[in-house]
Amino acid sequence: MHFDATFFAFVGLLLFFALVIYLKVPGMVAKSLDERADKIRNELAEAKRLREEAQHVLAEYQRKRKEAEAEAAAIVAAAEREAAALTVEAKQKTEEFVARRNALSEQKIKQAEVDAVNAVRAAAVDLAIAAAESVLAKKADAAVQDSLFKGAVGEVKARLN
């Protein structure tokens, strides 16, 4: 029998397979692959859980954002209403102030008119008195002047009592 290199390669291959089976390499490879598959499965489950958690957090933040936008809109609306109310109030107060100022000015003008009329009357009375004194001084003698003076003093005393 003649053994060539192919025969020895075949025998080596059979010995290799026998050694691999004897050492339980296929079981170890299967176990390793199963562990790797379990690890990948766990990682996928964790990734799925994290994704769901991230979606939940995203939904929560979107809800909070919408609430914050609604609250901001309500604050802006309230501020606009308050500004409008303050504008109306300021306008009303300004109108009242102007009306009071006009009334006060009119009252001062009327008082000035009354004071002016009274001053003119007093000046006219003083002028009339001066004219009467001048006329009486020219026409009346000392005895008439004395009796007029005493009569005027008597009238003043009667009014005071």
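This is a quick walk through one structure, from confidence to helices to a few residues.

First, the model is predicted. The protein averages a pLDDT of 88, and 98% of the residues score at least 70. Where is confidence highest, and where is it lowest? It peaks in helix α2, residues 25-139, at 91. The low end is helix α3, residues 142-160, with a mean of 79. As a general caution, where pLDDT is low, the predicted coordinates should not be read in detail.

Now the record. An unreviewed UniProt entry carries the annotation "coiled-coil region" for residues 30-96. What does the model show there? Over residues 30-96 the chain is 100% helix and 0% strand. The end C-alpha atoms of that stretch are 97 Å apart.

Back to the start of the chain. Helix α1 has 18 residues. From its first C-alpha to its last, α1 reaches 25 Å. That is close to the 26 Å expected at 1.5 Å a residue.

F7 sits in α1, which covers residues 5-22. Is F7 buried, partly exposed or exposed? F7 has a relative accessible area of 36%, so it counts as partly exposed. F7 also belongs to a nonpolar surface patch, together with F3 and F8. Those residues have about 310 Å² of accessible area together.

Last stop: K24. This residue lies in the loop between α1 and α2. Its phi is near 60°, a positive value in a residue other than glycine. And K24 counts as exposed, because its relative accessibility is 60%, and the cut-off for exposed is over 50%.

That's the tour.

Key:
Residues are numbered from 1 along each chain as its sequence is written. This is a predicted model: local features need pLDDT of at least 70, side-chain atom pairs count only at pLDDT 80 or more; totals for chains, interfaces and linings use all residues. Side-chain values use heavy atoms; hydrogens and water are left out. UniProt positions are given in the numbering used here, feature names are shortened, and annotations may be inferred rather than shown by experiment. Helices (H or I, at least four residues) and strands (E, at least two) are DSSP runs, numbered from the N terminus. Patches are made of residues with over 30% relative accessible area and no salt bridge: like charges are joined within 9 Å, nonpolar side chains (Val, Leu, Ile, Met, Phe, Trp, Tyr) within 5 Å. Accessible areas come from the Shrake-Rupley method with a 1.4 Å probe; for residues, only the protein chains shown count as cover. A salt bridge is a side-chain nitrogen of Lys or Arg within 4 Å of a carboxyl oxygen of Asp or Glu. Buried means under 20% relative accessible area, exposed over 50%, partly exposed in between (1.4 Å probe, protein chains only). pLDDT is the predictor's confidence in each residue, from 0 to 100. The expected span of a helix is 1.5 Å times one less than its number of residues.
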